[in-house]
Amino acid sequence: MALTVGLRPLTRALLRPWARVPGAALGRPAAGSGDGVRCFGSPRVLVEPDPAAVGVAVMKMRNPPVNSLSLEFLTELLISLEKLENDKTFRGIIITSDCPGIFSAGLDLLEMYGRDPAHCAEYWKAVQELWLRVYLSNLVVIGAINGISPAGGCLLSLSCDYRVLANNPKYAIGLNETLLGIIAPFWFKDVLVNTIGHRAAERALQLGFLFPPSDALQVGIVDQVVPEDQVQSTARSVMAQWLAIPDHARQLTKNLVRKPTADRLLQQRDADIQNFVRFISRDSIQKSLHVYLEKLKQKKG
Ligand SMILES: CCCCCCCCC/C=C/C(=O)SCCNC(=O)CCNC(=O)[C@H](O)C(C)(C)COP(=O)(O)OP(=O)(O)OC[C@H]1O[C@@H](n2cnc3c(N)ncnc32)[C@H](O)[C@@H]1OP(=O)(O)O
């Protein structure tokens with residue numbers, strides 16, 4: 001699936017020399033990455049082949065302070081995912097965070113607050129694209145969730161094939177959009193329903209639940225909860241289990257299960273973008289976003 005996000009000239013320029021990790025131009029070891037370990041990346045996304053697992057790449061999100069999914073960050077994630085999909089030496093990706101305590105704070109509120117319709121449309125197209133790229137990936141995608149994961153961060157986690165969450169009570173996960181006075185779009189809802197069932201999803205979406213690890217495991221929004229220092233090793237051992245399955249059979253099966261959900265968006269991407277722009281541009285929604293952003297600021301005291 002070609003990357004269909006219409007990149008702004010600025011974003012395109014930003015990404016042109018995108019192997020910017022010092023010394024990590026494709027094929028050369030990045031500083032501190034260990035001898036011969038080929039890695040590549042961009043300012044906000046570091047991709048390192050897992051030295052202990054052939055064919056596995058670890059994708060580290062590093063958009064401090066909270067890995068909020070800005071347009072630039074989404075674009076870098078998409079470029080890295082596309083590169084991995086096209087590099088036949090990789091069969092699996094472990095997605096994790098380099099921002100302590102935070103997997104991803106979700107969509108970047110500043111991309112939706114005080115922005116013109118054209119920007120909102122471009123932003124939403126990138127959000128759609130990231131979901132489709134991860135959800136339908138031919139690679140095995142495992143979330144090594146080492147931090148809090150609200151809303152868009154939860155969607156990214158749900159789009160993985162398997163989710164390992166660190167057992168830290170602060171690392172809650174859920175689609176909390178109603179707490180902001182907004183809503184999760186139908187395809188966020190669909191993925192949650194597919195994962196935890198209709199009644200649990202209905203309740204969690206309406207109440208904006210952020211599940212702490214023990215509840216997240218019980219409701220099924222994550223597959224495993226482990227001590228924080230075992231998240232990466234657990235993700236790696238689960239990856240080995242999934243990679244023991246012949247790729248072609250596993251990919252066809254993943255597609256069989258996931259394509260009907262993805263098709264609901266693919267068949268109406270433009271309408272979904274227009275719906276988003278209309279909804280997010282409402283005065284009442286902009287006001288809700290303003291109040292929420294103020295609350296975040298006040299929280300800092
Ligand atoms: C029809 C259908 C239509 C559908 C139409 C609508 C569809 C929308 C779907 C929405 C999906 C989403 O993901 S909406 C986003 C939901 N996300 C959230 O609710 C998480 C909000 N953030 C937090 O709760 C906290 O920041 C948290 C992640 C726990 C980290 O707490 P900390 O104390 O460590 O850090 P903070 O001090 O709070 O934050 C550090 C800085 O990051 C900023 N920040 C934090 N989260 C941010 C965010 N998501 N976007 C931008 N900026 C963010 C803060 O403002 C601070 O900025 P400075 O003050 O400048 O330092």
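Biologist: How many aromatic pairs does a search of the whole structure find?
Modeller: This is a predicted model. A search of the whole structure finds aromatic pairs numbering 7.

Biologist: Take Trp124 and Phe276: how are their rings arranged?
Modeller: A pair of aromatic rings is described by the distance of the centres and the angle of the planes. For Trp124 and Phe276 the centres are 4.0 Å apart and the planes are at 5 degrees. Planes under 30 degrees apart count as stacked, so the arrangement of Trp124 and Phe276 is stacked.

Biologist: How far apart in sequence are the parts that Trp124 and Phe276 tie together?
Modeller: Trp124 belongs to helix α3, residues 117-135, and Phe276 to helix α10. The pair therefore ties together parts whose separation in sequence is 152 residues.

Biologist: Which element gives the most to the lining of the largest pocket?
Modeller: The largest pocket has a volume of about 1200 Å³, and 43 residues line it. Elements that each supply at least two of these residues are β5 (101-102), β7 (147-150), α5 (186-196), α10 (269-281) and α11 (283-299). With 6 residues, the element that gives the most is α10.

Biologist: What is the lining of the largest pocket by class, and which residues are the closest to the centre?
Modeller: By class, the lining has 27 nonpolar, 7 polar and 9 charged residues. The closest to the centre of the largest pocket are Ala105, Leu107, Leu109, Leu180 and Tyr292.

Biologist: Which element gives the most to the lining of the largest cavity?
Modeller: The structure holds 3 cavities of 30 Å³ or more, and the largest has a volume of about 80 Å³. Its lining includes Val127, Leu130, Trp131 and Val134. Two or more lining residues come from each of α3 and α4 (152-158). The element that gives the most, with 4 residues, is α3.

Biologist: How many charged residues are in the linings of the largest and second largest cavities?
Modeller: The lining of the largest cavity divides into 9 nonpolar and 2 polar residues, with no charged ones. The second largest cavity holds about 40 Å³ of space and is lined by Leu136, Ser137, Asn138, Arg250, Gln251, Lys254 and Asn255. By class that lining has 1 nonpolar and 4 polar residues, and the number of charged ones is 2.

Biologist: Which strands stand at the edges of the sheet of 3 strands?
Modeller: This open sheet has the order β5-β7-β9, with parallel pairing. Strands β7 and β9 are joined by 2 bridges, and Ser149 has Ile173 in β9 as its bridge partner. Two of the strands have a single partner each, so one side of each is left without a neighbour in the sheet: β5 and β9 (173-174).

Biologist: In the sheet of 7 strands, which are the edge strands?
Modeller: The sheet is open and its pairing is mixed, in the order β1-β2-β3-β4-β6-β8-β10. The strands that pair on one side only are β1 (40-42) and β10 (224-226).

Biologist: What is the bridge partner of Val164 in β10?
Modeller: Strand β8, residues 162-166, runs parallel to β10, and 3 bridges join them. For Val164 the partner in β10 is Gln224.

Biologist: What angle does the direction of helix α8 make with that of β6?
Modeller: Helix α8, residues 231-243, packs on the sheet and touches β3, β4, β6 (140-145), β8 and β10. Another helix, α2 (residues 71-86), lies across β1, β2, β3 and β4, at about 175 degrees to β3. For α8 and β6 the angle is about 165 degrees.

Technical notes:
Residues numbered from 1 in each chain as written. Predicted model: local features only at pLDDT ≥ 70, side-chain atom pairs only at ≥ 80, totals over all residues. Heavy atoms only, no water. Pairing = 2+ DSSP bridges. Contact = heavy atoms within 4.5 Å. Axes fitted to C-alpha atoms, helices over the stretch in contact; angles between N-to-C directions. 1 Å grid on protein atoms, 1.4 Å probe; cavity = no way out; pocket = protein on both sides within 12 Å on 5 of 7 lines; lining within 4 Å. Points joined across faces, edges and corners; volume = space filled by probe spheres on them. Nonpolar A, V, L, I, M, F, W, Y, C, P; charged D, E, K, R; others polar. Phe/Tyr/Trp six-rings, centres within 6.5 Å; stacked < 30°, edge-to-face > 60°.
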